[in-house]
Amino acid sequence: MMYRLVADAAMVVHFVFLGYMAVGGFAAWRWRRTIWAHLAVVVWGVISIVTGVECPLTLAEDWGRRNAGLAGLPASGFIDHYIEGVIYPEEYTNLARLGVAVLVLFSYAGYVLRRH
């Protein structure tokens, strides 16, 4: 039971993390200090995409699932399992990444404009 909770909690935190990556920059319009947390999240996302390094949340969920007697995540990881082919077709991965990048850049432009 505890392993399943770890897996489920890691999955939920992962979705929150990805959501924050996409739109968290807008929170900095209101709460300016959150820009640093958002910048760290974006940097991690870019590093993950460019290098292919596996996210610790993916590892935690996979570990929890396997220890709970469930099937682990596929080798392709969290995004491929829950998002690609589910939320958007797999062939639109680069378009989805571009959309997130546009959101981030727009939120940062708004942050800078609202500061002045």
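Okay, let's start with a definition: the expected span of a helix is 1.5 Å times one less than its number of residues. Keep that in mind, and remember too that this is a predicted model.

So, helix α6. It runs over residues 93–115, which makes 23 residues. From its first C-alpha to its last, α6 reaches 33 Å, and that's close to the 33 Å expected at 1.5 Å a residue.

Which residues of α6 are buried? They are T93, V104, S107, Y108, G110 and Y111. And what covers the buried residues of α6? The cover includes α1, along with α2, at 27–30, and α3, at 34–51.

That brings us to α1, residues 2–23. Let me pick out a couple of its residues.

Take H14, which sits in helix α1. Is H14 buried or exposed? Its relative accessibility is 5%, so H14 counts as buried, since buried means under 20%. As for its company, if you skip the neighbours within four places in sequence, H14 is in contact with C55, L57, T58 and F78.

Now look at Y3, also placed in helix α1. This one comes out at 36% relative accessibility, so Y3 counts as partly exposed; that label covers what lies between the 20% limit for buried and the 50% limit for exposed.

Y3 also belongs to a nonpolar surface patch of about 670 Å². Its partners there are M1, M2, L5, V6 and W63. Which helix gives the most to the nonpolar patch? That's α1, with 4 residues.

So for α1, we've seen H14 buried and Y3 partly exposed.

Key: Residues are numbered from 1 along each chain as its sequence is written. This is a predicted model: local features need pLDDT of at least 70, side-chain atom pairs count only at pLDDT 80 or more; totals for chains, interfaces and linings use all residues. Side-chain values use heavy atoms; hydrogens and water are left out. Patches are made of residues with over 30% relative accessible area and no salt bridge: like charges are joined within 9 Å, nonpolar side chains (Val, Leu, Ile, Met, Phe, Trp, Tyr) within 5 Å. Accessible areas come from the Shrake-Rupley method with a 1.4 Å probe; for residues, only the protein chains shown count as cover. A salt bridge is a side-chain nitrogen of Lys or Arg within 4 Å of a carboxyl oxygen of Asp or Glu. Helices (H or I, at least four residues) and strands (E, at least two) are DSSP runs, numbered from the N terminus. Buried means under 20% relative accessible area, exposed over 50%, partly exposed in between (1.4 Å probe, protein chains only). Contact means heavy atoms within 4.5 Å.
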